[in-house]
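Biologist: I am new to reading structures. Could you walk me through one, feature by feature?

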Amino acid sequence: QYRRERTLVLRSSSSALYNNLAVLCPPSRPPAFGAVHGTTLSLLGNEGPPRQLQARGGASALSTPLLTQAAWCELPARVLLVLTSQRGVQMYESDGSTMVFWHALNIPEHPAAHSVFARGIAAAGGRFICVGTSSGAVLVFDIPPKGTNVTLSEILEQHRDPITDIAAEQGQAPDGAGDLVTADDSGTLCLWSTGEEFTLLGKIPGSGSTCSSVTLWNGIVAAGYGNGQIRLWEAGSGRIRAQVSAHARWIYALDLAPLTGKLLSGAEDSFVHVWKLSRNPDTDGIEIQHCHAECVTDTQVCGVRFCDPAGDTFAVTGYDLSEILCYGPA
Amino acid sequence: MSGRTLPLLFLNLGGEMLYILDQRLRAQSIPGEKARKGERRAVPAGSLRSRVMNDIISTMFNKKFMEELFKPQDLYSKKALRTVYDRLAHASIMRLNQASMDKLYDLMTMAFKYQVLLCPRPRDILLVTFNHLDAIKDFIHNSPGILNQVDETFRQLIETYNCLSDGEFQLIRQTLLIFFQDMHIRVSIFLKDKVQNSNGRFVLPISGPVPWGTEVPGLIRIFNHKGVEVKRAEFTTAGNYVTPQREGSFELYGDRVLKLGTNMYSVTRPVETHMAGSSKNLASQAKENIVPNPLAKEELNFLARLLGGLDIQKPGGGETGFRLNLFTTDEEEEHAAQTRPEELSYKVINIEATQEPGRRAELSRILGELEVAEPRPASAEKGEDLLALMDG
């Protein structure tokens, strides 16, 4: 089904962080990639030379803070590149050339027992960018169609544990299903309806395993867990619809191709799996099938992304690997 | 990122250091210690090896040091941490040349990197730590005073870490992996055992027991909208996994089950490291050394407190120190010193002889300031208080 195509060289290796691969796929242009290494983001653009972005320090930084994640957020009017770190949130124009906005987290005077960082990035509701934090709070930023006048519109406080990932609906949400899902360290998932004010529609409590990555498609939440399981939840009712013993170790990343419902999963066990989600509107049956497996020898996978909306191509990053591995149709 | 990482890093690296020193002390003939026929492996009191091990272990588990270590804080840079181990290795009458110290540190760090990578669950890093501590207790089982110190630390570990969630342990693990990133030094014992490839990367097996709490991959279960299971399907992959037998113990005493963190060295398996084989990643590693570290002053303050407070055994009267060589011959050690690639130099903050007069003056000033004859009343600076207590 798939085979290894090309390998893109990164200036530095990727760090072991959840969802550590950002991809921007502009129509009829080659994709751009980003991977986090410690305090920097390595960018491989579709134009121009590779670029590196630094984490921004706070007012009295003793050392450069570590980045936790990076993602391109595609809104109707513009695309922004968002970086999260131990200090706050940085937003850039999509080629990384100009910083548009900076939001600093409240950093305690002395290092507290609980770490402080931002993590979890998603564009939502055609107008907002949501960013998670280690306190469990989700920051909702209102993004103007152009310019730097980004404002913090709301803070959602439903999670008690550090946010791991956030995902917006990529297909068509059934009525009442909500269009945003947020996940945290305890495995708790919250379903939201976005807007001027976000509304909590439902909460799926965790059951002892961290949810490190999450996607939302046609009202189906696909969540990847630290115990190697993938679970499918029905967003409207909060009920579990599928449980897969997918990986032998902690899942680090999921991605979804909206045109076909293909799901990609990557984990510490060196495996990348391609699955197919489907929803039968008549029977209301939700299914998941296994399509393809790739083993990235001696590598703990930390990022996986489809490079096209149908899921015919995908890219992979791994801890200590200075490359992005690209796969295409066999 | 996790402020709880340093104790685990320090104790596990320290544990590896002790394994290596113990092996080299047994292998190298030490002046004054004559092996007698039928001598038991257990070390009688008064022997040089046991003295060195006791000195280092008791320094490592110094009560005040441990208290400071367990405070939530960021990880030290590789430079700063290396200097702490330099000092620790010299806490007795044993001396190590720079080349041997470099090799020791390389071995320690690659060993712990391997253990962190191969831990089935992030929480198992704690079991690895317990394995190291169990072995350390065995080294000093004849010294009840030091044994007490180690047990105290053991209890503090249990108190601090047993209640952390899996998510918090994964954050600790991720913080450790950032620290070890881009280190690919080849260790001959790893190469021989086929746990490391010739390019310096570790072999990650896709077979064996799955972590405790994980299922063997392959099963898909489908539920209907009422939550009733309606279908099962299976998929297969190249992996060959089995269910684990039991979970390791997180108590003060118990079977840890996990072998990571136990002593893999023995007298008959000498350890070598290979410096050759540069990789693209060295560029980023070298950069870390060149960019001035604004944290350096902060770290020096803490180190200076440690240095001032530790009771260092200096060769006195008729007693002479001895030099431990981590290589097989002196010529090998000399050669290693000369051929170590620039980008792999630790650029250790050398206390005795430094080329930078500015830094030397700064260190002397700090050490001088912290010289306290008697415990001062509570108004004294935090660092000086600590020092005063150590001296007392």
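Modeller: Gladly! Keep in mind that this is a predicted model. Let us begin with helix α4 of chain B, residues 78–89. Its 12 residues reach 16 Å from the first C-alpha to the last, close to the 16 Å expected at 1.5 Å a residue.

Biologist: Is α4(B) mostly covered or mostly open, and how many of its residues are buried?

Modeller: Mostly covered: 10 of the 12 residues in α4(B) are buried. Among them are Leu81(B), Val84(B), Tyr85(B) and Leu88(B), along with charged residues such as Lys78(B), Arg82(B) and Asp86(B).

Biologist: What general idea helps me read a list of residues along a helix?

Modeller: An α-helix has 3.6 residues a turn, so residues three or four places apart point the same way. Try that with helix α7 of chain B, residues 144–161. Its buried residues are Ile146(B), Val150(B), Asp151(B), Thr153(B), Phe154(B), Leu157(B), Thr160(B) and Tyr161(B).

Biologist: Which elements do the buried residues of α7(B) pack against?

Modeller: Their partners are all in chain B: α1 (6–27), α2 (48–60), α3 (63–69), α6 (124–139) and α8 (166–179).

Biologist: And how do I check the span of α7(B)?

Modeller: Compare the expected span with the model. The 18 residues of α7(B) should span 26 Å at 1.5 Å a residue, and the end C-alpha atoms are 25 Å apart, so the two agree.

Biologist: You listed α8(B) as a partner. How many of its residues are buried?

Modeller: In α8(B), 12 of the 14 residues are buried, so this helix is largely enclosed by the rest of the structure. The buried ones include Phe169(B), Leu171(B), Ile172(B), Leu176(B) and Phe179(B), and also Gln170(B), Arg173(B) and Gln174(B). From its first C-alpha to its last, α8(B) reaches 20 Å, close to the 20 Å expected.

Biologist: Which residues touch the most other members of the largest nonpolar core?

Modeller: To read a core, look for buried nonpolar residues joined through their side chains. The largest one here has 89 residues, and Phe10(B) and Tyr85(B) touch the most other members. Leaving out residues up to four places away in sequence, Phe10(B) touches Met60(B), Phe65(B), Met66(B), Leu69(B), Val84(B), Tyr85(B) and Leu88(B). You have met Val84(B), Tyr85(B) and Leu88(B) already, as buried residues of α4(B).

Biologist: How can I see residues that are far apart in sequence coming together in space?

Modeller: Pick a residue and look up its partners. Asn12(B) is in helix α1 of chain B, and it is buried, with a relative accessible area of 0%. Asn12(B) and Met108(B) are 96 residues apart in sequence, yet 8.6 Å apart in space, C-alpha to C-alpha. Beyond four places in sequence, Asn12(B) is in contact with Phe112(B), Val128(B), Thr129(B) and His132(B).

Biologist: Could you show me a second case?

Modeller: Take Leu127(B), in helix α6 of chain B. At 2% relative accessibility, Leu127(B) counts as buried, because the cut-off is under 20%. Leu127(B) and Leu258(B) are 131 residues apart in sequence and 7.1 Å apart in space, C-alpha to C-alpha. The residues that Leu127(B) touches, beyond four places in sequence, include Gly248(B), Phe250(B), Arg256(B) and Leu258(B).

Biologist: What does chain B look like overall?

Modeller: Its secondary structure comes to 14 helices and 8 strands. Buried residues make up 53% of the 392 residues in chain B. Among contacts in chain B with a separation of 6 or more, 78% link residues 24 or more positions apart.

Biologist: Turning to chain A, is Ser28(A) buried or exposed?

Modeller: Exposed: its relative accessible area is 81%, and exposed means over 50%. Ser28(A) is in the loop between β2 (22–24) and β3 (32–37) of chain A. Its phi is near 50°, a positive value in a residue other than glycine. Ser270(A) is also not a glycine, and has a positive phi of about 80°. That serine lies in the loop between β23 (262–267) and β24 (271–280) of chain A, but Ser270(A) counts as buried, at 1% relative accessibility.

Biologist: Finally, how many cavities does a search of the whole structure find?

Modeller: There are 8 of 30 Å³ or more. The largest cavity has a volume of about 130 Å³. Of the 13 residues lining it, the closest to its centre are Asp298(A), Tyr319(A), Asp320(A), Leu117(B) and Phe202(B). By class, the lining has 5 nonpolar, 4 polar and 4 charged residues.

Conventions: Residues numbered from 1 in each chain as written. Chains lettered and ligands numbered in written order. Predicted model: local features only at pLDDT ≥ 70, side-chain atom pairs only at ≥ 80, totals over all residues. Heavy atoms only, no water. 1 Å grid on protein atoms, 1.4 Å probe; cavity = no way out; pocket = protein on both sides within 12 Å on 5 of 7 lines; lining within 4 Å. Points joined across faces, edges and corners; volume = space filled by probe spheres on them. Core = buried A, V, L, I, M, F, W, Y, C linked by side-chain atoms within 4.5 Å. Buried < 20%, exposed > 50% of the residue type's maximum accessible area, 1.4 Å probe, protein only. Contact = heavy atoms within 4.5 Å. Helix = DSSP H or I, 4+ residues; strand = E, 2+ residues; numbered from the N terminus. Expected span 1.5 Å × (residues − 1).
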